[in-house]
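Colleague: I would like to learn how to read a model like this one, feature by feature. Could you take me through it, starting with a single residue and its surroundings?

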Amino acid sequence: MLSSVLLLAGAGTYVWADSRLNQQVDLGTLSGRVPRGEGTNYLVVGSDSREGLSQQDRKELNTGSAEGRRTDSVILLHTGANGTTMLSLPRDSWVTLPPYVDPDTGRSYRAAPNKLNAAFSLGGPGLLVRTVERNTGVHIDHYAEIGFAGFVGVVDAVGGVGLCLDKPVRDEDSGADLPAGCQTLDGAEALAFVRQRKQEAQGDLGRTRNQQEFLAALARKAATPSTLADPSKTFPSLRAGLDTLIVDESTELPDLMSLFEAMRKAASGGGRQLNVPVADPDLRTPQGSAVRWDDRRARALFTALREDRPPG
């Protein structure tokens, strides 16, 4: 979508968009990185940052008032000679956090088991990237994160996204209250849908499937000729996405174009949409219920990504 919009709009829009990139994550300073493999890997994070939302927005969107950022979704996107793989990593995955220093107190911590979401809340994007690399062996080349406000803005800017539900979706925590059947979700409804998980039989795993399903629908809608040819949709969606997008220092607009194109391909059948293989979706831990990966199958999947081979 981004590449088509910029080509249609010309050099002025390209310069404007490039100047709005928030390149605040420095992957070059991270220690303990794993070696680069074949292809390119993006870590795409949906965070629960409330930045850009008024108190009224927070109330209407059922986002609560928590400050800071936590992960709502974590996707490892691989592109290479053998196509695109979009792999969801449940935020409750039971992983090993590498040694780290608390950015607020300066206190050092040893490597320890915890949920994947804890890496982000304890050490931000840097610790999340290091944790993903440590537990997958896959080198992260680029980082991209979008908060609640940007997500809602993009969905509203494209005129809503069509989705067909085989059962009603109701969740008091997220605010989801959607009937069964085909319908068009606005930004608030879409946010509630991708955040809910309590009515899902598999909890966090069910939510990651919902997130992939919705991202696929959003990518298809954003790439339709009617959306791309309508400036009233393309420019607001571009602005809404860039306003709350956080990327690493090496990510430029061409990298974002490649990222969006890869997501579009995966969503339209030109790639693979996977969840990490799971052995136990309800592992009891000192941090509550967590998701334990199937070590053997997960290791084979991560090896295929490193070597740019088709998974499975």
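Modeller: Gladly. Let us begin with Thr79, which touches Gly39, Thr40, Tyr42, Thr84 and Ala262, leaving aside residues up to four places away in sequence. Keep in mind that this is a predicted model.

Colleague: Where is Thr79 found, and is Thr79 buried or exposed?

Modeller: Thr79 is found in strand β3. Buried means under 20% relative accessible area, so Thr79, at 17% relative accessibility, counts as buried. Ser73 also has its place in strand β3, and at 15% relative accessibility Ser73 counts as buried too. Not counting residues up to four places away in sequence, Ser73 touches Val44, Val45, Gly46 and Gln211.

Colleague: Now the whole chain, please. How many helices and strands are there?

Modeller: The chain has 11 helices and 17 strands. Of its 312 residues, 51% count as buried. To see how the fold links distant parts of the sequence, look at contacts between residues at least 6 apart: 68% of them join residues at least 24 apart.

Colleague: How should I think about a nonpolar core?

Modeller: The general idea is that in soluble globular proteins, nonpolar side chains tend to be buried together. Here, the largest nonpolar core has 32 residues, and Leu43, Leu87, Leu89, Leu128 and Val276 touch the most other members. At least two residues of this core come from each of β2 (40-47), β3 (71-80), β5 (94-97), α4 (116-136), β17 (288-293) and α11 (295-306). The largest share, 7 residues, comes from α4. A second, separate core of 20 residues includes Val152, Val169, Ala192 and Phe193.

Colleague: Which residues does Leu87 touch?

Modeller: Beyond residues up to four places away in sequence, Leu87 touches Val74, Ile75, Leu76, Gln212, Leu274, Asn275, Val276, Leu301, Phe302 and Leu305.

Colleague: And where is the place of Leu89?

Modeller: Leu89 sits in the loop between β4 (83-88) and β5. The loop position does not settle the burial question, so check the area: Leu89 is buried, with a relative accessible area of 2%. Leaving aside neighbours within four places in sequence, Leu89 is in contact with Val74, Leu116, Val132, Val276 and Trp293. Try a C-alpha distance as well: Leu89 and Asn275 are 186 residues apart along the chain, yet their C-alpha atoms are separated by 6.6 Å.

Colleague: Next, strand pairing. How many bridges join β16 to β17?

Modeller: Strand β16 (residues 278-285) is joined to β17 by 5 bridges, and the two run antiparallel. A hairpin connects β16 to β17 through 2 residues. For one bridge to locate on your screen, take Thr285, whose partner in β17 is Gly288.

Colleague: What about pockets? What volume does the largest pocket have?

Modeller: The volume of the largest pocket is about 250 Å³. It is lined by 14 residues, and the closest to its centre are Trp94, Asn135, Trp293, Asp295 and Phe302. β5, α4, β17 and α11 each supply at least two lining residues, with α11 giving the most, 6 residues. By class, the lining of this pocket divides into 6 nonpolar, 4 polar and 4 charged residues.

Colleague: And the enclosed spaces? How many cavities of 30 Å³ or more are there?

Modeller: The count comes to 3 cavities of 30 Å³ or more. The second largest cavity holds about 40 Å³ of space. Lining this second largest cavity are Tyr42, Leu43, His142, Tyr143, Ala144, Thr251, Asp255, Leu256 and Leu259. The elements giving two or more residues to that lining are β2, β9 (142-146) and α10 (253-267). The lining of the second largest cavity has 6 nonpolar, 2 polar and 1 charged residues.

Colleague: Last topic: backbone angles. How do I read the sign of phi?

Modeller: The background is that most residues other than glycine have a negative phi. In this model, Asp308 has a phi near 55°, a positive value in a residue other than glycine. Asp308 lies in the segment after α11.

Colleague: Is Asp308 buried or exposed?

Modeller: Asp308 is buried, with a relative accessible area of 9%.

Key
Residues numbered from 1 in each chain as written. Predicted model: local features only at pLDDT ≥ 70, side-chain atom pairs only at ≥ 80, totals over all residues. Heavy atoms only, no water. Core = buried A, V, L, I, M, F, W, Y, C linked by side-chain atoms within 4.5 Å. Buried < 20%, exposed > 50% of the residue type's maximum accessible area, 1.4 Å probe, protein only. Helix = DSSP H or I, 4+ residues; strand = E, 2+ residues; numbered from the N terminus. Contact = heavy atoms within 4.5 Å. Pairing = 2+ DSSP bridges. 1 Å grid on protein atoms, 1.4 Å probe; cavity = no way out; pocket = protein on both sides within 12 Å on 5 of 7 lines; lining within 4 Å. Points joined across faces, edges and corners; volume = space filled by probe spheres on them. Nonpolar A, V, L, I, M, F, W, Y, C, P; charged D, E, K, R; others polar.
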